[in-house]
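Open your viewer, load the model and keep the selection tool at hand. We will go from stop to stop, and at each one you will hear what to select and what to look for there.

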Amino acid sequence: MLITPNSLIPPKPARLSSALGTVLGEVLRGLETVRIADRTMASDGERLTWIEKVTEAERRVSALKAVLIGEADEAGSAMRARHTPLRDWLAESGQESPRRAAAAGWKARELEQRPRVRDAAVSGRISLEQDSAIHEALNGLPPVLDQAPHHDAEGRVM
């Protein structure tokens, strides 16, 4: 997929749902192209570059998934669309084990508490593991501090 300045501009809200579905479909088609490609003649450097790119994609997709789970949970999407709590829908659909579905909900709430950390995770600047460490460290700050030092500390780790 070619990224142009116009493709970086978010679509209008009325077309957002359709556009996001299209982009995610293109990502899946791209992954299928990589899966079936003949990679036998690739250089060592190319193979290492691919690993770097897949690792970054994996970090970004994991964080985006957590954010989307949080948004769907907050909106009550699974309850309205499937008449079940989101964690149950994730587990029943085979997308997650019950334990991982519950953990995904907690991770989503954790990300929502710190928008700057969430944005760093979704953009691939940090991993979800780093997000957890940051979240734990910031939560370890003395509760007697007002919010300014907490925000300052969050900015420093970013």
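Start with the buried residues of α2, which pack against α3, α4, α5 (98-113), α6 (115-122) and α7 (128-139). To highlight them, select Ala63, Ala66, Val67, Ile69, Gly70 and Ala72. Keep in mind as you turn the view that this is a predicted model.

Now widen the selection to the whole of helix α2, residues 44-75. This helix has 32 residues and spans 46 Å from its first C-alpha to its last, close to the 46 Å expected at 1.5 Å a residue. Step just past the end of α2 and you meet Gly76, which takes a positive phi of about 70°.

**The nonpolar cores**

Which residues make up the largest nonpolar core? Select these 11: Ala63, Ala66, Val67, Leu111, Val117, Ala120, Ala121, Ile126, Leu128, Ile134 and Leu138. Colour them by helix, and you will find that α2, α6 and α7 each supply at least two residues of this core. There is also a second, separate core of eight residues, among them Leu86, Leu90, Ala101 and Ala104.

**The loop between α3 and α4**

Next, go to the loop between α3 (77-82) and α4 (86-92), where Thr84 lies. Is Thr84 buried or exposed? Its relative accessibility is 10%, so Thr84 counts as buried. Show its surroundings: leaving aside neighbours within four places in sequence, Thr84 is in contact with Ala78, Met79, Trp89 and Glu92.

In this loop you can also pick out His83. His83 counts as exposed, with a relative accessibility of 65%. Check its backbone too: His83 has a positive phi of about 60° although it is not a glycine.

**Around Arg109**

Time to look at charges. Side chains of opposite charge can pair when their charged atoms come close. A search of the whole structure finds nine salt bridges, and we will visit some of them.

Select Arg109 and Asp73, whose side chains meet in a salt bridge (3.1 Å, N to O). Arg109 lies in helix α5 and Asp73 in helix α2, so the pair ties together parts that are 36 residues apart in sequence. Both ends have some access to the outside: Arg109 is partly exposed, with a relative accessible area of 38%, and Asp73 counts as partly exposed at 36%.

Stay with Arg109 and add Trp106 to the view. The charged end of Arg109 sits over the ring of Trp106, 4.7 Å from its centre. What about aromatic pairs: how many does a search of the whole structure find? The result is zero.

**Around Arg118**

Move on to Arg118, which counts as buried at 18% relative accessibility. Add Glu112, and you will see a salt bridge with Arg118, the closest N and O atoms being 3.2 Å apart. Then add Asp119: Arg118 forms a salt bridge with this residue as well, with the closest N and O atoms 3.3 Å apart. As for the partners, Glu112 counts as partly exposed at 35% relative accessibility, and Asp119 is partly exposed with a relative accessible area of 40%.

**Last stop**

For the final selection, choose Lys65, Glu96 and Arg100, which are linked in a network of salt bridges.

Conventions: Residues numbered from 1 in each chain as written. Predicted model: local features only at pLDDT ≥ 70, side-chain atom pairs only at ≥ 80, totals over all residues. Heavy atoms only, no water. Helix = DSSP H or I, 4+ residues; strand = E, 2+ residues; numbered from the N terminus. Buried < 20%, exposed > 50% of the residue type's maximum accessible area, 1.4 Å probe, protein only. Contact = heavy atoms within 4.5 Å. Phe/Tyr/Trp six-rings, centres within 6.5 Å; stacked < 30°, edge-to-face > 60°. Lys NZ or Arg CZ within 6 Å of the ring centre and 35° of its normal. Expected span 1.5 Å × (residues − 1). Core = buried A, V, L, I, M, F, W, Y, C linked by side-chain atoms within 4.5 Å. Salt bridge = Lys/Arg side-chain N within 4 Å of Asp/Glu carboxyl O.
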